[in-house]
Amino acid sequence: MHLSRRTLLASATTTALPAAPRHREHLHTGFERLAADDYSLLSGQKAGVVTNPTGITREAEHIVDVMHRDPRVRLTAVFGPEHGFRGTAQAGGSEGRYDDPATGLPVYDTYLKSGRPLADVFTASGVDTVVFDIQDVGARFYTYIWTLYDCMEAARLAGKRFVVLDRPNPVTGREARGPVLHKEFATFVGRQPIAQAHGMTVAELARLFNGEFLTTPVALETVRMTGWRRAGFYDASGLPWVPPSPNMPTPDTALVYSGTCMFEGTNLSEGRGTTRPFELLGAEGVDGRWAAAANELGLPGVRFREAYFTPTFSKFQGKTVGGVQLHVTDRAAYDPVRTGIALLVTARKVWSGFAWRSDNWIDKLTGSARVRTMIDAGAGTDEVTGAWQEELAAFRRVRKEYLLYK
């Protein structure tokens, strides 16, 4: 990581808008503050919004619908990421190019586009400013933060302004946890070396991306929230929860996701096709020994229940499998990444059928081959998690320079 532009960018890219009028709720999102300031940040600009179903007001109206009917803002385009602007596509899908029936606005597809092809989309749209408003869940491998990164890079190439409207990190922004990605393992589930649970908001990440990873910074403005505290979970925000993707149904899912999503890299089900994805894990042939082994570790803030379930799609579709359900008993004490490693270690010990995905997808999720090779070599939870502490400490030092909230 290089730090040469940090001081300049950290001081220059956050827009100080007046506080929104007082409501019953204390927290105000970036969009609320933008609207309360009569959209002055977008004055004289043709704006396009990168968003999905999570881009809503606290009254559960989509910001695109609100902005479209407001004469104070000139909204001329929408850009849809994975799952689409209105959220009609499943994982690995998008809605393509179409005109939105509700507003008539052209919707452009950004999924799997980056660099010059994505810059060409922004150019073709005719917008002056690209606005980003998507709810993140706090994990490096959740792809919307890399949509943010790709759109920032493309906006720079296209000569567009870029505005990020901030929203809460639903699992708090207390600290970063887990391994840091190694550049040679970069993919769409991790473009740059950040921690697996980054502990940042999207506006903070945008500042980090601009200061550390973009070759040339984009013209960036970030509209911060008021009333958000780093230790706050999503239910303290007063905001409605909209699933950012079909398999992220509740804030409880987000709480465990940065750890249990690692099971995507194994032959066990990560709970897709159930009502509790990423909280239910299992496979054919797994029995109560796994829950017992995990509970014996005494991991803080979590207990494990022997569970049986039948996924309706994805791995083991239509088959009854055995495994565990995670029950988080103390959110403040719970460490999702350490818990995920402990579950991988114990699954391998108690189930002879355990295997990694043949494409070593676990390496892309964890950011290197280290987790896979250490667990295969018989390493325990403490040994695996201890191996990344030096790089995590380095990331935490860099991260600190870009934080906006206490």
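Are Tyr-142 and Tyr-144 buried or exposed? Select the two and take a look: both are buried. Keep in mind as you click around that this is a predicted model.

**Stop 1: the rings**

Stay on those two tyrosines. Tyr-142 and Tyr-144 make an edge-to-face aromatic pair, with 5.5 Å from centre to centre and 80° between the planes. Now add Phe-141, Tyr-257 and Phe-278 to the selection, and you have a cluster that ring pairs hold together along with Tyr-142 and Tyr-144. Across the whole structure, a search turns up 16 aromatic pairs.

Another of these is worth a zoom: pick Trp-228 and Tyr-405. Their rings are edge-to-face too, at 5.2 Å centre to centre and 85° between the planes. Colour by sequence position here, because Trp-228 is in the loop between strand S10 (219-223) and helix H7 (251-260), while Tyr-405 is in the segment after helix H13 (389-400), so this pair ties together parts 177 residues apart in sequence. What about their surroundings? Trp-228 has 4% relative accessibility, so it counts as buried. Tyr-405 is buried as well, with a relative accessible area of 7%.

**Stop 2: charges over rings**

Next, show Arg-97 with Tyr-108. The charged end of Arg-97 sits over the tyrosine ring, 4.8 Å from the ring centre. Then jump to Arg-331 and Phe-233, where the charged end of the arginine sits over the phenylalanine ring, 4.1 Å from its centre.

**Stop 3: the cavities**

Time to switch on a cavity display. Rolling a probe the size of a water molecule over the atoms shows where empty space is left. How many cavities of 30 Å³ or more are there? The count is four.

Begin with the largest cavity, which holds about 160 Å³ of space. It has 15 lining residues, and the ones to select for a view of the middle are Val-171, Thr-172, Arg-174, Arg-177 and Pro-336, the closest to its centre. By class, the lining of this largest cavity splits into six nonpolar, five polar and four charged residues.

Now move to the second largest cavity, with about 50 Å³ of space. To see its walls, select Thr-54, Ile-56, Gln-135, Arg-167, Tyr-234, Leu-239, Pro-240, Trp-241 and Val-242. Colour that lining by class and you get six nonpolar, two polar and one charged.

Notes
Residues are numbered from 1 along each chain as its sequence is written. This is a predicted model: local features need pLDDT of at least 70, side-chain atom pairs count only at pLDDT 80 or more; totals for chains, interfaces and linings use all residues. Side-chain values use heavy atoms; hydrogens and water are left out. On a 1 Å grid over the protein atoms alone, a cavity is a set of points where a 1.4 Å probe fits but cannot get out, and a pocket is an open set with protein on both sides within 12 Å along at least five of seven lines; lining residues have an atom within 4 Å of a point. Grid points are joined across faces, edges and corners, and a volume is the space filled by probe spheres set on the points. Ala, Val, Leu, Ile, Met, Phe, Trp, Tyr, Cys and Pro count as nonpolar, Asp, Glu, Lys and Arg as charged, and the others, Gly among them, as polar. Rings of Phe, Tyr and Trp (its six-membered ring) pair if their centres lie within 6.5 Å; planes under 30 degrees apart count as stacked, over 60 as edge-to-face and the rest as tilted. Buried means under 20% relative accessible area, exposed over 50%, partly exposed in between (1.4 Å probe, protein chains only). Helices (H or I, at least four residues) and strands (E, at least two) are DSSP runs, numbered from the N terminus. A charge sits over a ring if NZ of Lys or CZ of Arg is within 6 Å of the ring centre and within 35 degrees of the ring normal.
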